[in-house]
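Biologist: Thanks for sitting down with me over this one. Could you bring it up on the screen, so that we can go through it together?

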Amino acid sequence: MLHVLRLRGPDGEPGLLERTVYADRIAPAGEPIEPDRPSVTRRLPDDTGPAFAYGEHVIDAVAAGARDAELPGIRRTSPLLRVRRVTTTREGRPVEWSDDRCRSDAVSFSVHNSIGNNALAPKTAD
């Protein structure tokens, strides 16, 4: 497995701390990717074929820990948006696991729903 820790954000201003683990079969393609690359997910299919088919994202708020304080302007216990993600292949094999922390003033999320596909489902806090 490949563990990746990246600090990035829009316009070069860090606002997102990414913690991602890639499955063994993806790790060799992920290792040489440049740290400042905007999207690892978009680059990997170029090297591995279409690996990503499905993803589940859970978004909640958490207090910043010591590692999260690497984000500029963030002190321990400051509120952050947390995005946990599991991505799988069409066959359901895991490809990546991610736990990202975002400054709320640097990152926003958009979800598009339709009557035929409601992607939002409320869950109790873990």
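Biologist: Is R103 buried or exposed?
Modeller: Keep in mind that this is a predicted model. R103 lies in the segment after β5. The relative accessible area of R103 is 12%, and the cut-off for buried is under 20%, so R103 counts as buried.

Biologist: Which side chain does the side chain of R103 join in a polar contact of 2.9 Å?
Modeller: We can stay with R103, in the segment after β5. A distance of 2.9 Å falls within the 3.5 Å limit for a polar contact. The partner side chain belongs to D105.

Biologist: What distance separates the C-alpha atoms of L80 and D105?
Modeller: Let's start with L80, which sits in strand β4. L80 is buried because its relative accessible area is 2%. Along the chain, L80 and D105 are 25 residues apart, and their C-alpha atoms are separated by 9.5 Å.

Biologist: Over how many bridges do β4 and β5 pair?
Modeller: Strand β4 covers residues 79–88 and strand β5 covers residues 94–102. Within this pairing, V83 stands opposite D100 in β5. The two strands run in the antiparallel sense, and the number of bridges is eight.

Biologist: Good, now the whole sheet. What is the order of its five strands?
Modeller: It is an open sheet with antiparallel pairing. Its edge strands are β1 (2–8) and β3 (54–63), each pairing on one side only. On average, and ignoring direction, neighbouring strands are turned by 15° against each other. Read across, the order is β1-β2-β5-β4-β3.

Biologist: Why does W97 count as partly exposed?
Modeller: W97 has its place in strand β5. Partly exposed lies between the limits of 20% and 50%. W97 falls in that range because its relative accessibility is 31%.

Biologist: How much accessible area does the nonpolar patch of M1, V86 and W97 have together?
Modeller: W97, the residue in strand β5, is one of the patch members. M1 and V86 join W97 in this patch on the surface. Together, their accessible area is about 280 Å².

Biologist: One last residue: what is the phi of T77?
Modeller: T77 is found in the loop between β3 and β4. With a relative accessible area of 60%, T77 is over the 50% cut-off and therefore exposed. Its phi is positive, although T77 is a residue other than glycine, and the value is near 75°.

Key: Residues are numbered from 1 along each chain as its sequence is written. This is a predicted model: local features need pLDDT of at least 70, side-chain atom pairs count only at pLDDT 80 or more; totals for chains, interfaces and linings use all residues. Side-chain values use heavy atoms; hydrogens and water are left out. Two strands pair if DSSP finds at least two bridges between them. Helices (H or I, at least four residues) and strands (E, at least two) are DSSP runs, numbered from the N terminus. Axes are lines fitted to C-alpha atoms, for helices over the stretch in contact, and angles run from 0 to 180 degrees between N-to-C directions. Patches are made of residues with over 30% relative accessible area and no salt bridge: like charges are joined within 9 Å, nonpolar side chains (Val, Leu, Ile, Met, Phe, Trp, Tyr) within 5 Å. Accessible areas come from the Shrake-Rupley method with a 1.4 Å probe; for residues, only the protein chains shown count as cover. A salt bridge is a side-chain nitrogen of Lys or Arg within 4 Å of a carboxyl oxygen of Asp or Glu. Buried means under 20% relative accessible area, exposed over 50%, partly exposed in between (1.4 Å probe, protein chains only). A polar contact is a pair of N or O atoms within 3.5 Å; within protein, one must be able to donate a hydrogen and the other to accept it, and residues adjacent in sequence count only if both atoms are side-chain atoms.
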